[in-house]
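I am opening a notebook on this structure. The entries follow the order in which I looked things up.

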Amino acid sequence: MDFKSYIRDVKDFPKEGIIFKDITPLLKDKGALQRATQALLHLVGNQQIDKVVGMESRGFIFAPLLASHLEAGFVPVRKSGKLPYQTMSETYALEYGEDRLEIHVDAIAEGERVLIHDDVLATGGTAEAVCKLVERLGGQIVQCNFLIELDFLNGAEKLKKYNLHSLMHY
């Protein structure tokens, strides 16, 4: 299936000079959504997964779907101050400044096999921070999955020690 035909480019969002890859046309089409979920599952293959970690906010769309199909738990990673229980955090660099992601301290047990999923791999800062959080909790990262990878931003370089798969490349 040509998933790229369901991705809309939005110029100058969230700021001037950025071309945002909007996945909402894919999400609203039930056939495309089901096929994309199956394609992402195919990237995982028959690997045993205990937890699927999804990043705020669009990682929250496919990660629970994948977790359900994989008979795994879902773990949300959120921006600072959004999770209600005790957290651990990781700071990562932004184009101008830095941000922080948090995960519950009891989200992943030692040795659990983890799939990390997000909608887009751009510069890799968010995914790298999530990998660090998972490893600090004792999780074993089996794979990092992305719906879209923006190859020209070289985010895969920050994740080169992990098994990395993306459904679409730009």
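In which loop is Glu71 found? I worked from a predicted model, and there I found Glu71 in the loop between helix 3 and strand 4.

**Entry 1: backbone at Glu71 and Asp12**

I stayed with Glu71 and looked up its accessibility. Glu71 counts as exposed because its relative accessibility is 76%, and the cut-off for exposed is over 50%. I then read its phi, which is near 55 degrees, a positive value in a residue other than glycine. I noted this because most residues other than glycine have a negative phi.

Asp12 gave me a second positive phi in a residue other than glycine, near 60 degrees. I placed Asp12 in the loop between strand 1 and strand 2. Its relative accessible area is 45%, so I put Asp12 down as partly exposed.

**Entry 2: cis peptide bonds**

Next I looked at peptide bonds. Most peptide bonds are trans, so I wrote down the cis ones. Phe13 and Pro14 are joined by a cis bond with omega at about 0 degrees. Pro14 lies in the loop between strand 1 (8-11) and strand 2 (19-22).

I also found a cis bond from Glu56 to Ser57, where omega is near -5 degrees. Ser57 is placed in the loop between strand 3 and helix 3.

**Entry 3: aromatic rings**

How many aromatic pairs does a search of the whole structure find? I got 2. Phe13 and Phe20 make an edge-to-face pair, with 5.1 Å from centre to centre and 85 degrees between the planes. Phe13 has a relative accessible area of 43%, so I listed it as partly exposed.

Phe60 and Phe74 also form a pair, with ring centres 5.9 Å apart. Why did I call the pair of Phe60 and Phe74 edge-to-face? The planes stand at 85 degrees, and the class requires an angle over 60. This pair links distant parts of the chain: Phe60 belongs to helix 3 (residues 59-70) and Phe74 to strand 4 (residues 73-79), 14 residues apart. I recorded Phe60 as partly exposed because its relative accessibility is 26%. Phe74, at 31% relative accessibility, is partly exposed as well.

**Entry 4: lysines over Tyr170**

I then checked for charges over rings. The ring of Tyr170 has the charged end of Lys4 over it, 4.6 Å from the ring centre. The charged end of Lys21 also sits over the ring of Tyr170, at 4.0 Å from its centre.

**Entry 5: helix 2 and helix 3**

I looked up how helix 2 (residues 30-44) and helix 3 meet. Their axes come within 10 Å and cross at roughly 65 degrees. I noted the crossing as right-handed. On the helix 2 side I listed Leu33, Ala36, Thr37, Gln38, Leu40, Leu41 and Val44. The helix 3 side supplies Phe62, Leu65, Leu66, His69 and Leu70. Sorted by type, the residues of this contact are 9 nonpolar and 3 polar, with no charged ones.

**Entry 6: Asp50**

I moved to Asp50, in the loop between helix 2 and strand 3 (51-55). I put Asp50 down as partly exposed because its relative accessibility is 27%. Leaving aside neighbours within four places in sequence, I found Asp50 in contact with Ala72, Gly73, Gly111, Glu112 and Arg113. I also took a C-alpha distance: Asp50 and Gly139 are 89 residues apart along the chain, and their C-alpha atoms are separated by 9.5 Å.

**Entry 7: Ala127 and His104**

Is Ala127 buried or exposed? I found Ala127 buried, since its relative accessible area is 3% and the cut-off is under 20%. Ala127 is in helix 4 (residues 125-136). Not counting residues up to four places away in sequence, Ala127 touches Met55, Leu121, Phe146 and Leu159. The C-alpha atoms of Ala127 and Gly155 are 8.7 Å apart, with their positions 28 residues apart along the chain.

My last look was at His104, in strand 6 (residues 97-104). His104 has 18% relative accessibility, so I counted it as buried. With residues up to four places away in sequence left out, His104 touches Leu83, Pro84, Tyr85, Gln86, Thr87 and Leu137.

How values were computed: Residues are numbered from 1 along each chain as its sequence is written. This is a predicted model: local features need pLDDT of at least 70, side-chain atom pairs count only at pLDDT 80 or more; totals for chains, interfaces and linings use all residues. Side-chain values use heavy atoms; hydrogens and water are left out. Helices (H or I, at least four residues) and strands (E, at least two) are DSSP runs, numbered from the N terminus. Buried means under 20% relative accessible area, exposed over 50%, partly exposed in between (1.4 Å probe, protein chains only). Contact means heavy atoms within 4.5 Å. Rings of Phe, Tyr and Trp (its six-membered ring) pair if their centres lie within 6.5 Å; planes under 30 degrees apart count as stacked, over 60 as edge-to-face and the rest as tilted. A charge sits over a ring if NZ of Lys or CZ of Arg is within 6 Å of the ring centre and within 35 degrees of the ring normal. Axes are lines fitted to C-alpha atoms, for helices over the stretch in contact, and angles run from 0 to 180 degrees between N-to-C directions. A crossing is left-handed if the near helix is turned anticlockwise from the far one by less than a right angle, and right-handed if clockwise. Ala, Val, Leu, Ile, Met, Phe, Trp, Tyr, Cys and Pro count as nonpolar, Asp, Glu, Lys and Arg as charged, and the others, Gly among them, as polar.
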